[in-house]
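Okay, can everyone see my screen? Give me a few minutes to walk you through this one, and just shout if I go too fast.

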Amino acid sequence: MEIRPPDPVLAILRRLWASGHAGYVVGGSIRDVLMGRVPHDWDMATDARPERLLELFPDAAYENRFGTVAVREAGDVREITTFRTDHEYADFRRPHRIEFGDRIELDLARRDFTVNAMAWGADAPQVGGPANPALVDPHGGRADLDARILRAVGDPEARFEEDALRMVRAVRFAATLDVEIEAATLAAIEARSELVAHLSGERLAAELDRLLGAERPSVGLRLMALTGILRVLSFDLDAQRGLPQNKIPGDDLWDHTVRTVDAVPVDRPVVRLAALLHDIGKPSTMAEGHFLQHDAVGAEIAAKLLDRLRSPRPVAERVVHLVRHHMFTYDPSWGDAGVRRFIRRIGRDALESLFALREADNLGSGQPPGSHELDELRRRVREQLAGDVVLDRGDLAIDGDDLIAELGLSQGPTLGRILDELLERAIADPTINDRPTLLVLAQAMLTEDR
Ligand code: ATP
Ligand code: MG
């Protein structure tokens with residue numbers, strides 16, 4: 001496999017070489033190219049110090065305190081990091097001090113896995129001479145990649161003690177790269193998985209997101225369970241292991257969860273997260289073979305977990321909402337008003353996600369794809385959404401200001417209650433949704449009140 005970075009990246013490397021510096025493409029991008037994948041970024045490394053990079057690239061800017069500089073080239077932002085070694089991992093997470101280096105080999109030695117510890121490029125050429133870029137692979141990354149093995153660089157336990165995130169990255173890569181974790185590396189994760197508790201929620205969440213973006217996240221999720229990482233991430237998810245579920249013979253509840261996650265299309269990350277958490281309330285609510293209100297309890301547990309992971313609020317709210325409502329039922333005898341009440345309860349924006357979750361839940365329960373009832377509900381929901389019907393307050397022909405102006409009401413609970421009641425009536429019978437009718441009804445409600 002020939003490595004040929006895109007022209008703007010090559011242009012940066014050439015500028016480094018021409019200025020008497022080493023320049024390499026490094027890390028995940030080399031790994032991806034060798035796997036025949038298209039890298040999503042081309043990280044570069046050099047012996048030039050950050051101040052020097054700012055001189056060489058006039059529109060460059062500091063990215064972080066670890067010596068990474070962002071360079072704009074042909075419209076794209078590219079990252080260049082000065083060779084470095086990491087020191088003083090005090091608390092099982094990021095290094096407290098870094099030291100710049102002059103050799104690519106030193107920089108590769110600090111990286112996590114052999115397949116991530118390769119570079120392609122050249123040191124500073126002889127004055128006037130050409131640079132001869134080549135693959136630099138001191139840890140056997142290429143052979144491991146060919147054999148589809150994920151192996152820690154150096155002593156795995158020591159590397160995981162330096163930075164516990166590497167263990168989570170390992171199970172993530174197992175799923176996203178379709179590689180097997182080498183025996184000693186796996187044993188070290190099992191031995192040190194408790195250190196994951198020291199990581200910040202943000203870093204953990206970022207790896208979890210990437211894992212959930214794999215074709216089959218179950219590969220990584222099952223490894224999390226086997227190694228003990230899952231227990232640190234969520235006691236309740238871990239407690240699903242061994243719990244019975246009467247869906248697929250021989251499967252436990254955790255099997256059902258990971259099957260459900262895999263069954264969600266890869267382009268629906270929020271639903272995948274909801275699938276992971278949908279039954280998180282079951283272990284704590286199990287009594288005599290039933291799971292009383294596991295959806296409501298699960299929504300609370302999910303909210304706490306997502307808070308710990310510092311998930312962005314809109315994501316957390318959507319996921320919790322899906323967990324809360326994943327047990328929805330549908331009865332073909334519902335009238336159209338019933339369908340509209342369902343839409344109102346779930347919320348327009350959440351409907352498609354909830355249906356996707358139910359589909360995955362069914363698949364994860366061993367049911368064949370396609371459900372007549374679900375398809376029917378979907379169709380009926382679509383019909384209502386396409387029609388000129390009332391589904392929420394915004395659809396009413398009047399609003400609070402009208403009631404204040406016409407009926408002399410003031411802001412407050414009465415106003416809100418009357419709007420809600422009007423909404424209920426208009427959901428049941430959309431023909432009343434015009435201004436005069438609604439005002440008459442509102443007046444009547446007000447009189448009844450007195
Ligand atoms: P992706 O394709 O998902 O971006 P990646 O391998 O590029 O995967 P990044 O998180 O972008 O992952 O990191 C870039 C490179 O930095 C890695 O390939 C690896 O060499 C190194 N690296 C990242 N995180 C760590 C870590 N915690 N410990 C050691 N090396 C790391
Ligand atoms: Mg990357």
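So, Asn 362 sits in helix H19, which covers residues 351-364. Buried or exposed, this Asn 362? Buried, because its relative accessibility is 15% and the cut-off for buried is under 20%. Before I go on, keep in mind that what you see is a predicted model.

Now look across from there to Arg 259. Along the chain, Asn 362 and Arg 259 are 103 residues apart, yet their C-alpha atoms are separated by 9.8 Å.

That brings us to helix H13, residues 253-263, where we also find Thr 257. How many of the 11 residues of H13 are buried? Eight, so the helix is largely enclosed by the rest of the structure. If you want to click through them, the buried ones are Leu 253, Trp 254, Asp 255, His 256, Thr 257, Val 258, Thr 260 and Val 261.

Let me stay on Thr 257 for a second. Thr 257 counts as buried because its relative accessibility is 0%. What does its side chain make a polar contact with? The side chain of Gln 240, at 2.7 Å. And at the start of H13, have a look at Asp 252: one of its side-chain oxygens comes to within 3.2 Å of the backbone nitrogen of Trp 254.

Okay, next up, the sheet. There are seven strands in it, the sheet is open, and the order is S3-S4-S5-S2-S1-S8-S9, with mixed pairing. The edges are S3 and strand S9, residues 134-136, each of which pairs on one side only. As a quick reminder, strands in a sheet pair through backbone hydrogen bonds, and they can do so parallel or antiparallel.

Let's walk in from the S3 edge. Strand S3, residues 61-62, runs antiparallel to S4, and two bridges join them. One pair to find on screen is Ala 61, which stands opposite Ala 70 in S4.

S4 itself is residues 68-73, and it's mostly covered, with five of its six residues buried. On to its partner S5, residues 76-82: how many bridges join S4 to S5? Six, and again the two strands run antiparallel. Among the pairs there, Val 69 stands opposite Ile 80, and Val 71 has Arg 78 as its bridge partner in S5.

S4 and S5 make a hairpin, with two residues between them. Check the turn if you like your Ramachandran plots: Ala 74 has a positive phi there, of about 50 degrees.

From S5 we step over to strand S2, residues 44-46, and here the pairing is parallel, over three bridges. Met 44 has Ile 80 as its bridge partner in S5, and Ala 45 has Thr 81. So Ile 80 turns up again: Val 69 of the S4 pairing stands opposite Ile 80, and Met 44 is bridged to Ile 80 too.

Right, last stop, the one you've been waiting for: ligand 1. The space it takes is the largest pocket. Which elements give two or more residues to the shell around ligand 1? Helix H2, residues 28-34, and helix H7, residues 165-178. H7 gives the most, with four residues.

In total, 14 residues surround ligand 1, and the closest are Arg 31, Asn 116, Asp 163, Arg 166 and Arg 172. Let me go through the three arginines. For Arg 31, an N or O atom of the side chain is 2.7 Å from an oxygen atom of ligand 1. For Arg 166, the ligand atom is a nitrogen, and the distance to an N or O atom in the side chain is 2.7 Å. For Arg 172, we're back to a ligand oxygen, with a polar side-chain atom 2.7 Å away.

And how much of ligand 1 does the protein cover? On its own, the ligand has 590 Å² of accessible area, and 82% of that is covered by the protein.

That's my tour. Questions?

Methods. Residues numbered from 1 in each chain as written. Chains lettered and ligands numbered in written order. Predicted model: local features only at pLDDT ≥ 70, side-chain atom pairs only at ≥ 80, totals over all residues. Heavy atoms only, no water. Buried < 20%, exposed > 50% of the residue type's maximum accessible area, 1.4 Å probe, protein only. Pairing = 2+ DSSP bridges. Near = heavy atom within 4 Å. Polar contact = N/O pair within 3.5 Å; in protein donor to acceptor, adjacent residues only side chain to side chain. Areas by Shrake-Rupley, 256 points an atom, 1.4 Å probe, with all protein chains shown as cover. 1 Å grid on protein atoms, 1.4 Å probe; cavity = no way out; pocket = protein on both sides within 12 Å on 5 of 7 lines; lining within 4 Å. Sits in = over half its atoms within 2 Å of the grid points.
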